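Colleague: I have the coordinates open. Can we go through what surrounds the DNA, and then how the chains pair?

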Number of protein chains: 2
Amino acid sequence: MELLPVIQVTACCAPLTREVLGAGAADDLARSLKALADPARLRIISMVVAHENAEACVCDLTAPLGLGQPTVSHHLKVLVEAGFLTRSKRATWAYYSLVPGALDSVSTLLVTA
Amino acid sequence: MELLPVIQVTACCAPLTREVLGAGAADDLARSLKALADPARLRIISMVVAHENAEACVCDLTAPLGLGQPTVSHHLKVLVEAGFLTRSKRATWAYYSLVPGALDSVSTLLVTA
DNA sequence: TTTAAACATCGATGACTGTCAATGTTTGCA
DNA sequence: TGCAAACATTGACAGTCATCGATGTTTAAA
């Protein structure tokens with residue numbers, strides 16, 4: 001998984017079926033999709049949004065996911081670096097929440113109409 | 001890449017942020033997204049749609065993609081088995097075209113509103 | 001200052017993936 | 001029938017990824 005730059009999900013390009021995708025734009029969109037294309041990460045996003053105050057810490061996620069703490073931390077890092085989640089640390093806890101509009105940006109790029 | 005069943009992209013579940021995703025639904029959606037999460041495959045979809053009659057054969061794609069014929073055939077197979085493209089063989093050519101609504105189904109599952 | 005809890009990071013490992021060269025298969029044509 | 005073109009399939013290989021155990025870091029509390 002690419003973890004180098006913080007990817008901005010917003011409007012890398014025109015919708016897929018609007019005009020032919022250049023190599024660079026295809027790389028960008030593929031990188032965003034790759035961050036989403038994992039069952040654990042999809043459930044993480046879903047659980048974060050559904051959680052109280054629309055935020056969740058690592059300890060809220062490990063048990064329902066059935067994954068170890070390092071693994072969950074890894075997935076959260078991928079989602080943060082891809083621009084889908086933000087991290088805010090309070091006391092010893094790290095709270096993650098969804099970046100408004102991030103999912104919709106990707107959604108827009110896939111839509112046909 | 002999982003190539004087992006022909007995945008139906010249509011409505012595996014409620015939108016990501018609507019209710020918490022179960023393990024099975026997360027697997028399904030992740031499988032669809034994985035099929036899309038590759039630069040070459042994104043460009044293939046884009047090029048197929050933009051091509052004359054909204055269909056293209058393998059020979060139309062290899063040169064602009066800069067990939068070998070077996071590699072392009074592989075990507076096309078992934079997209080067909082994921083339910084995004086259909087294949088229709090005429091003479092010695094295999095014409096691929098976008099399944100109507102397939103991209104929009106995924107798009108709908110990602111949207112926040 | 002010691003202890004414990006929450007989390008991040010590191011290193012390793014097994015599984016998967018994108019790519020290609022080589023080969024098989026089918027179709028149209030001479 | 002034989003040949004060539006378009007495409008699929010196979011096998012191999014290098015790179016990437018999800019996961020875990022072990023360890024490091026930070027914070028709060030005793």
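Colleague: Which elements each supply at least two residues of the surface near DNA strand C?

Modeller: Keep in mind that this is a predicted model. Both chains contribute. Chain B supplies helix 4 (69-81). From chain A come strand 3 (93-98), helix 3 (58-65) and helix 4 (69-81).

Colleague: Which element gives the most to that surface near DNA strand C?

Modeller: Nonpolar residues number 12 on that surface, against 9 polar and 4 charged. Among the residues that come nearest to the strand are Cys57(A), Pro70(A) and Gly68(B). The top contributor, with 6 residues, is helix 4 of chain A.

Colleague: Now the protein pairing. How do the residues of the side of chain B that touches chain A divide by class?

Modeller: On each side, 30 residues are in contact: 30 of chain B with 30 of chain A. Helix 1 (23-36), helix 2 and helix 5 (102-110) of chain B each give two or more residues to that side. The split is 20 nonpolar, 4 polar and 6 charged.

Colleague: What rotation superposes chain B on chain A, and which C-alpha of chain B is nearest the axis?

Modeller: The rotation is 180°, with 0.0 Å of shift along its axis and an RMSD of 0.0 Å. That is the relation of a two-fold axis. At 2.2 Å from the axis, the nearest C-alpha in chain B belongs to Ser107(B).

Colleague: How far does helix 2 of chain B reach from its first C-alpha to its last?

Modeller: Helix 2 covers residues 39-50, 12 in number. At 1.5 Å a residue, 16 Å is expected. The model comes close to that, with 17 Å.

Conventions: Residues are numbered from 1 along each chain as its sequence is written. Chains are lettered from A and ligands numbered from 1 in the order in which they are written. This is a predicted model: local features need pLDDT of at least 70, side-chain atom pairs count only at pLDDT 80 or more; totals for chains, interfaces and linings use all residues. A residue is near a molecule or strand if its C-beta atom, placed from the backbone, lies within 6 Å of it. Helices (H or I, at least four residues) and strands (E, at least two) are DSSP runs, numbered from the N terminus. Ala, Val, Leu, Ile, Met, Phe, Trp, Tyr, Cys and Pro count as nonpolar, Asp, Glu, Lys and Arg as charged, and the others, Gly among them, as polar. The expected span of a helix is 1.5 Å times one less than its number of residues. Two residues are in contact if their C-beta atoms, placed from the backbone, lie within 7 Å. Copies are superposed by least squares on the C-alpha atoms of residues with pLDDT of at least 70 in both.
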